[in-house]
Amino acid sequence: MSKILVPIDSSEQSTDALEYALEEFQSDDITLIHVIDPIEAGYTAQATVPGYSEEWYEQAQEDAETLFEQAQETADEYGVSLDTVTEVGRPSRTVVDYAEENDFDHIVMGSHGRSGVSRILLGSVAESIVRRSPVPVTIVR
């Protein structure tokens, strides 16, 4: 049985990647990873308000839980139970490190998730993961 890692965010491409993983790797162990990127908190004027970072982080954790609940509803249609993990850090580095440290066999992810300014400033997460990953990566468009 293979271990499949699926990075998720709120993008349509992320949902497509999850559905692909559920179809192609139904009998394998599928783990969803959501990476909370602290850099995103710094792109707002509110970041300088005392207590904002804690509030932002708590909201980001709640958003991750919502993503996981929605993903599990989709997985239920396939009769698959998902494992989930939330990590904090730069998304591409965090996903690759997590896959390596936890002996994953494959990463399945959307072609892109970010949009607008953060995507331009951070570069392509998917491209970085493909370049750095020690395991095969499937990009779902």
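Begin by selecting E127 and R131, whose side chains meet in a salt bridge with an N to O distance of 3.0 Å. The model on screen is predicted, and the structure holds one salt bridge. Both residues belong to helix α5, which covers residues 125-132, and they are four residues apart, about one turn of the helix. An α-helix has 3.6 residues a turn, so residues three or four places apart point the same way. Colour the pair by accessibility. E127 counts as partly exposed because its relative accessibility is 47%; the cut-off for exposed is over 50%. R131 has a relative accessibility of 59% and therefore counts as exposed.

**The end of α5 and its contacts**

Remain in helix α5 and select R132. With a relative accessible area of 35%, R132 is partly exposed. Which residues does R132 touch, not counting those up to four places away in sequence? Display S92, R93, V96 and D97 to see them. Then draw a distance from R132 to R93: the two are 39 residues apart in sequence, and their C-alpha atoms are 8.2 Å apart in space.

**Helix α3**

Next, select residues 91-101, which form helix α3. Its buried residues are P91, S92, T94, V95, V96, Y98 and A99. Against which elements do the buried residues of α3 pack? They pack against β1, β2, β3 (83-88), β4 (106-110) and α5.

Centre the view on T94, a member of α3. T94 counts as buried because its relative accessibility is 11%; the cut-off is under 20%. Leaving out residues up to four places away in sequence, T94 touches V35, E87, V88 and G89. Moving past the helix, select D103, which follows α3 and has a positive phi, near 55 degrees.

**The aromatic pair**

Now show the rings of Y98 and F104. A search of the whole structure finds one aromatic pair. The ring centres of Y98 and F104 are 5.9 Å apart and the planes meet at 35 degrees, so this pair is tilted. Are the two residues buried or exposed? Y98 counts as buried, at 16% relative accessibility, and F104 is also buried, with a relative accessible area of 5%. Add K3 to the selection: its charged end sits over the ring of F104, 4.7 Å from the ring centre.

**The nonpolar cores**

Hide the polar side chains and turn to the interior. In soluble globular proteins, nonpolar side chains tend to be buried together. The largest nonpolar core has 19 residues, and those that touch the most other members are V6, L22, I30, L32, L82 and V108. Two or more residues of this core come from each of β1 (3-7), α1 (12-24), β2 (29-36) and α2 (52-76). Which element gives the most? That element is α2, with five residues.

Within this core, centre on L32. Apart from its neighbours within four places in sequence, L32 is in contact with V6, I8, L18, F68, A71, L82, D83, T84 and V85. A second, separate core has 15 residues, including V35, V85, V96 and Y98.

**Helix α1**

Select α1, a helix of 13 residues. From its first C-alpha to its last, α1 reaches 18 Å, close to the 18 Å expected at 1.5 Å a residue. The buried residues to highlight in α1 are Q13, S14, A17, L18, A21 and L22.

**The loop between β2 and α2**

Move to I39, which lies in the loop between β2 and α2. I39 is partly exposed, with a relative accessible area of 34%. Measure across to R90: the C-alpha atoms of I39 and R90 are separated by 7.9 Å, although the residues are 51 apart along the chain.

**The whole chain**

Finally, zoom out and colour by secondary structure. The protein has five helices and five strands. Followed from the N terminus, the elements run β-α-β-α-β-α-β-α-α-β. Of the 141 residues in the protein, 43% are buried. Among contacts with a separation of 6 or more, 77% are between residues 24 or more positions apart.

Key:
Residues numbered from 1 in each chain as written. Predicted model: local features only at pLDDT ≥ 70, side-chain atom pairs only at ≥ 80, totals over all residues. Heavy atoms only, no water. Core = buried A, V, L, I, M, F, W, Y, C linked by side-chain atoms within 4.5 Å. Buried < 20%, exposed > 50% of the residue type's maximum accessible area, 1.4 Å probe, protein only. Contact = heavy atoms within 4.5 Å. Phe/Tyr/Trp six-rings, centres within 6.5 Å; stacked < 30°, edge-to-face > 60°. Lys NZ or Arg CZ within 6 Å of the ring centre and 35° of its normal. Expected span 1.5 Å × (residues − 1). Salt bridge = Lys/Arg side-chain N within 4 Å of Asp/Glu carboxyl O.
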